Every structure is written in C-alpha cells, then in structure tokens.
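Dear colleague,

I am handing over the structure we spoke about, and below it you will find my notes on what turned up when I went through it. Please read them with the model open beside you.

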Amino acid sequence: MSKDIASGITVKRVKASVIYRLMLIGLSIPMLIFSLICGVMGIFGYDMVSWNNETVHGVLALPLALVSGLFISVLFTMFFGTIVCFGLWVYSRFRPLQVKVLD
C-alpha cells in the first residue's frame, strides 16, 4: 500500500472557466458513451433515439444520438456550472476553499 503525501492549498476564489471546463469534461464523457450505446441500439431497430417525437432507426440514429448527447452535456454544463459557481462564491465569503494535492 503506497502512502500519498498530501499538501493543502488555501484558495480564495476559483475561476469560473475552470469550473465550467471540469463540468463539461465530467458530463461529456459519460453522456457521449451513453449516446453512443443508444445510437448503436438505434441502428439495430431499438426505439432509443427520437427526434420531434418520432423514433429514428438505421444509420441516422448514431450521429443524431451523439449530437443530442453533446447538446445535453453543454446544456447541463451551463445550468449546473452556474449553480456551482454561485455556490462556491457564497461559500468562499464565509470560509476559504481548501484543496488537497496528492503527490
């Protein structure tokens, strides 16, 4: 079992671009994997992809699923990123943020 050396850093504020970047990466990877699976299932005839309340089957289901997954990731990032930025801003008014860095 290895022991990691942890050093603490106190931060007064975190840039919003860092929060949005982390949220976009964290949401996009699982959402695109899920969209890829739904698109492949849509190719084989499963009702996994819909557009304008109509299910899409065949080869068109894969790119449509990936585009909709990317769109949902960006939309969630904008919404939840704004909430996280606001929450961290309020928290930083009362206490400084502490980040542990593992070496």
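G69 lies in helix 2, and in this predicted model the residue counts as buried, because its relative accessibility is 2%, under the 20% that serves as the limit for that class. Leaving aside residues up to four places away in sequence, G69 touches M31, L32 and S35. A second residue to set beside G69 is I83, which is 14 residues away in sequence, with 21 Å between the two C-alpha atoms. Helix 2 itself runs over residues 61-94.

As for the general layout, the chain comes to 2 helices and 4 strands, and from the N terminus on these elements follow the order β-α-β-β-α-β. The C-alpha trace spans about 55 × 40 × 15 Å along its principal axes. The radius of gyration of the chain is 20 Å, whereas a compact globule of 103 residues would have a value near 13 Å. Buried residues make up 17% of the 103 residues, and the chain exposes about 8200 Å², of which carbon and sulfur atoms supply 71%. If one takes the contacts between residues at least 6 apart in sequence, 66% of them join residues at least 24 apart.

The C-terminal strand offers an example of two stretches that are distant in sequence and meet in space. Q98 is found in strand 4, which covers residues 97-102, and although Q98 and G8 are 90 residues apart along the chain, their C-alpha atoms are separated by 6.5 Å. Once residues up to four places away in sequence are set aside, Q98 touches I9 and T10. Is Q98 buried or exposed in spite of these contacts? Q98 is exposed, because its relative accessible area is 66%, and the class begins over 50%.

A pair with the opposite character is V59 and V18, which are 41 residues apart in sequence and 37 Å apart in space, again from C-alpha to C-alpha. V59 is found in the loop between strand 3 and helix 2, and with a relative accessible area of 69% this valine is exposed.

The loop between strand 2 (50-51) and strand 3 (54-55) deserves a look at the backbone, since N52 lies there, as does N53. Most residues other than glycine have a negative phi. N52, however, has a positive phi of about 55° without being a glycine, and N53, which is not a glycine either, has a positive phi of about 60°. Both side chains belong to exposed residues: N52 counts as exposed at 66% relative accessibility, and N53 is exposed with a relative accessible area of 83%.

Two further points may be of use when you set up your own calculations. On the cysteines, a search of the whole structure finds 0 disulfides. C38 is buried, with a relative accessible area of 7%, and C85 is likewise buried, with a relative accessible area of 16%, so that both fall under the 20% limit. On the charges, the chain has 8 positive and 4 negative ones, and the mean positions of the two groups are 25 Å apart.

With kind regards

Methods: Residues are numbered from 1 along each chain as its sequence is written. This is a predicted model: local features need pLDDT of at least 70, side-chain atom pairs count only at pLDDT 80 or more; totals for chains, interfaces and linings use all residues. Side-chain values use heavy atoms; hydrogens and water are left out. A disulfide is a pair of cysteine sulfur atoms within 2.5 Å. Buried means under 20% relative accessible area, exposed over 50%, partly exposed in between (1.4 Å probe, protein chains only). The radius of gyration is taken over C-alpha atoms; the globule rule is 2.2 Å times the number of residues to the power 0.38. Contact means heavy atoms within 4.5 Å. Accessible areas come from the Shrake-Rupley method with a 1.4 Å probe; for residues, only the protein chains shown count as cover. Lys and Arg count as positive and Asp and Glu as negative; His and the chain ends are not counted. The place of a charge is taken as NZ of Lys, CZ of Arg, CG of Asp or CD of Glu.
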